[in-house]
Amino acid sequence: MKPIFTLSLVVFTILSLFSCKKVKQGVRTTVKGYVIDSAKNKRLANAKVMLLGCKILSVNGSRSCSDQLMDVTADQNVNFSMDFTAEGNYHSYDVAMVENEDYVRPRSIYSYQLVAGKENNIKIRGIEMNVMEMHLKVSKTTANSMVLFVNYKRLALPAKPIDTILHFKIVPEEFNDFYFFAYYPLDVSRGLRETLRLGKEPVVYYEKIVEDTDVLSRNVF
């Protein structure tokens with residue numbers, strides 16, 4: 001075995017053992033911070049933040065932060081804080097914003113790693129959902145039923161010509177999925193899908209006119 005390879009293996013082994021070391025029982029950690037929508041330059045009121053326990057996977061050495069240990073809600077000053085003591089079960093800890101109908105996490109960032117045994121000051125990025133006011137018109141259909149999905153939120157529609165205004169929560173300045181399906185006998189479906197990227201105004205407007213569902217593409221997913 002070559003000396004350089006042997007040294008590299010030893011260093012890798014030492015680093016691996018060090019990284020797999022769990023936070024000792026009794027170590028106290030505090031977290032203070034706030035959740036902010038950077039695009040709107042606005043702190044998010046009543047945002048909920050959760051504490052995650054992280055483990056090192058033996059298969060590939062990656063971190064897995066899937067255990068939710070506690071959560072707190074931002075106070076009237078739009079700040080949150082938490083204080084916890086390690087029980088010796090986790091290698092590290094993360095915090096993340098809890099998603100709901102009003103707030104979502106950016107797709108690029110899920111959680112933020114803490115330094116155990118220290119006071120952590122954290123600024124968490126969040127996105128405040130906006131409202132899409134949709135004008136939907138279906139001029140003609142012989143379908144048995146119709147369904148609309150916006151970001152996987154399902155809305156059943158009457159199987160007849162319609163001309164209506166609908167409201168949905170959407171993610172501003174990111175891609176939002178729009179699906180429209182008309183269902184026919186013998187498990188035949190026709191529909192359309194679009195990816196919408198809308199502005200950051202509190203209310204955005206979108207119009208979709210379907211002249212005839214019977215001529216839409218079949219089995220659109």
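An open sheet of 4 strands, with antiparallel pairing, runs in the order 4-3-6-8. Strands here are DSSP runs (E, at least two residues), numbered from the N terminus. Two strands count as paired if DSSP finds at least two bridges between them. The model is predicted: local features need pLDDT of at least 70, side-chain atom pairs count only at pLDDT 80 or more, and totals for chains, interfaces and linings use all residues. Residues are numbered from 1 along each chain as its sequence is written, and side-chain values use heavy atoms, without hydrogens and water.

The edges of the sheet are strand 4 (63-73) and strand 8 (112-113), each of which pairs on one side only. Strand 4 is joined to strand 3 (residues 48-56) by 8 bridges in the antiparallel sense. Within this pairing, Val49 faces Val72 of strand 4. Strands of a sheet pair through backbone hydrogen bonds, either parallel or antiparallel.

Further along the chain, strand 15 (residues 175-184) and strand 16 (residues 188-197) are also antiparallel, with 10 bridges. Phe178 stands opposite Glu194 in strand 16. The two strands, 15 and 16, form a hairpin with 3 residues between them. Leu186, in the turn, has a positive phi of about 65°. Strand 16 has a further antiparallel partner in strand 18 (residues 217-218), over 2 bridges. There, Gly191 has Ser217 of strand 18 as its bridge partner.

The domain assignment, whose bounds come from an automatic or database source, gives domain 1 (26-128) and domain 2 (130-208). Their C-alpha centres lie 34 Å apart. Domain 1 brings 9 residues to the contact and domain 2 brings 8, where contact means heavy atoms within 4.5 Å. About 670 Å² is buried between domain 1 and domain 2, and carbon and sulfur atoms give 42% of this area. Buried area is the accessible area (1.4 Å probe) that two parts lose on being put together, summed over both.

The interface of domain 1 and domain 2 contains 2 salt bridges. A salt bridge requires a side-chain nitrogen of Lys or Arg within 4 Å of a carboxyl oxygen of Asp or Glu. Asp102 and Lys169 form a salt bridge through their side chains, at 2.6 Å from N to O. On the side of domain 1 that touches domain 2, the residues divide into 4 nonpolar, no polar and 5 charged. In this scheme Ala, Val, Leu, Ile, Met, Phe, Trp, Tyr, Cys and Pro are nonpolar, Asp, Glu, Lys and Arg are charged, and the others, Gly among them, are polar.

The whole structure holds 9 salt bridges. One salt bridge joins the side chains of Lys42 and Glu128, at 3.0 Å from N to O. This pair links distant parts of the chain, with Lys42 in strand 2 (residues 42-43) and Glu128 in strand 10 (residues 127-128), 86 residues apart. Side chains of opposite charge can pair when their charged atoms come close.

Pro161 occupies the loop between strand 13 (153-157) and strand 14 (162-170). Apart from neighbours within four places in sequence, Pro161 is in contact with Val138, Ser139, Lys140 and Thr141. Pro161 and Gln25 are separated by 136 residues in sequence and by 65 Å in space, C-alpha to C-alpha.
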